[in-house]
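User: Please take a close look at one part of this structure, and then work outward from it to what surrounds it. A connected account would suit me better than a list.

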Amino acid sequence: MKTVLTFLASCIVAITATAQAIADIEVSYTASVPNFRTGKADKTNQFILLANSVESKFYSPATEYIDSLQSTPEGEAKYKEMSRSAYLGGKMNQMPRRDGQYYVVKSSTSGYMTCYDVNGLEKYRVEELLPQWEWQITDSTKSILGYECILATTDFHGREWNAWFSPDIPLANGPWKLGGLPGLILEANESNGLYNFTATGLQHSSRQITPVYSAGDYEKIDRKDLLAAKRKFIDNPVSQMNAQLSGLGISISASANEISHKSREEVDFIETDY
């Protein structure tokens, strides 16, 4: 693994000069997220960070696979046939399913990061300037994946974050929207323990950092407006889904025993400043 990072350091200058969207490193992360029904952080998603010194994409490979299928008529037909076969065969565990729903694309060249997300059936994108981070670097250290990491803390969009970064990996990046430290963030958690990112693997990569499939289908929206809309959907999913389906002449009925969601005071999104 140390060899990977030696190669990484030697490639930084070349990658910056060519500015090609070719990854220099690939990092796998497990994201722990809260269950909005129970309020416990008992759900996990699998993400990948593809990054070089100027560009990166954080995404779920399972979600990207489905989005790639649904981006073409042939792929959409394949997706429907896979779903149909699994359903008729009683193999629900083989149904193609999305994992984490969002993508985060960062570019120091443009100075922006773009988050692609969904709210029910609707797709949105949020464009933000790359954050001006104010990290407090501490003296605490620990080993992650064989690399000595240093603890840093910051406040970001309503939550307090603890992040462990490795100066031996010279990329100022990390999972989700996190970054801006003198080394790659391998682990991060917010103070309430509801959201956590942990690196589970790291390797050199020469994969292309491809655009998000069907990116043009995502409507631009303000970040706080999207969060408010998503919360409204979670708090009253049936009425919100019916509103989205109204143009198709379709409606769904609320179940008499529908499980209520936890209040905002108990559990909320990864960003709470909306």
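Analyst: Leucine 145 has its place in the loop between strand 7 (136–144) and strand 8; helices (H or I, at least four residues) and strands (E, at least two) are DSSP runs, numbered from the N terminus. The model is a predicted one, in which local features need pLDDT of at least 70 and side-chain atom pairs count only at pLDDT 80 or more, while totals for chains, interfaces and linings use all residues. Residues are numbered from 1 along each chain as its sequence is written, and side-chain values use heavy atoms, with hydrogens and water left out.

Although leucine 145 is not a glycine, its phi is positive, at about 55°. Most residues other than glycine have a negative phi. With a relative accessible area of 28%, leucine 145 is partly exposed, a class that lies between buried (under 20% relative accessible area) and exposed (over 50%), using a 1.4 Å probe and protein chains only.

Tryptophan 176 is likewise not a glycine and has a positive phi of about 55°, and it lies in the loop between strand 9 and strand 10. Tryptophan 176, however, counts as buried, at 3% relative accessibility. Leaving aside neighbours within four places in sequence, tryptophan 176 is in contact (heavy atoms within 4.5 Å) with Phe58, Tyr102, Val104, Lys106, Phe156, Trp161, Phe197, Ile270 and Glu271.

Tryptophan 176 also belongs to the largest nonpolar core, which has 45 residues; such a core is a set of buried Ala, Val, Leu, Ile, Met, Phe, Trp, Tyr and Cys residues joined through side-chain atoms within 4.5 Å. The members that touch the most others are Phe58, Trp161, Trp176, Leu184, Leu186 and Phe197. At least two residues of this core come from each of strand 1 (25–33), strand 2 (43–51), strand 5 (112–119), strand 8 (147–156), strand 9 (159–166), strand 10 (184–190), strand 11 (196–204) and helix 4 (223–235). Apart from this core lies another, of nine residues, among them Ala23, Tyr116, Ile209 and Tyr218.

The strand that follows the loop of tryptophan 176 is strand 10, and seven of its seven residues are buried, so strand 10 is largely enclosed by the rest of the structure. Strand 10 pairs with strand 9 in the antiparallel sense over six bridges, where pairing requires that DSSP find at least two bridges between two strands; asparagine 162 has asparagine 189 of strand 10 as its bridge partner. Strand 10 and strand 11 also pair in the antiparallel sense, over three bridges, and glutamate 187 is bridged to threonine 198 of strand 11. The hairpin of strand 10 and strand 11 has five residues between the strands, and in this hairpin glycine 193 takes a positive phi near 75°.

As wider context, the protein chain has five helices and twelve strands, and buried residues make up 45% of its 274 residues. Among contacts in the chain with a separation of 6 or more, 58% join residues 24 or more positions apart. In helix 2 (residues 61–69), the buried residues are Thr63, Glu64, Ile66, Asp67, Ser68 and Leu69, and their cover includes strand 3 (55–59), helix 3 and strand 4 (103–107).
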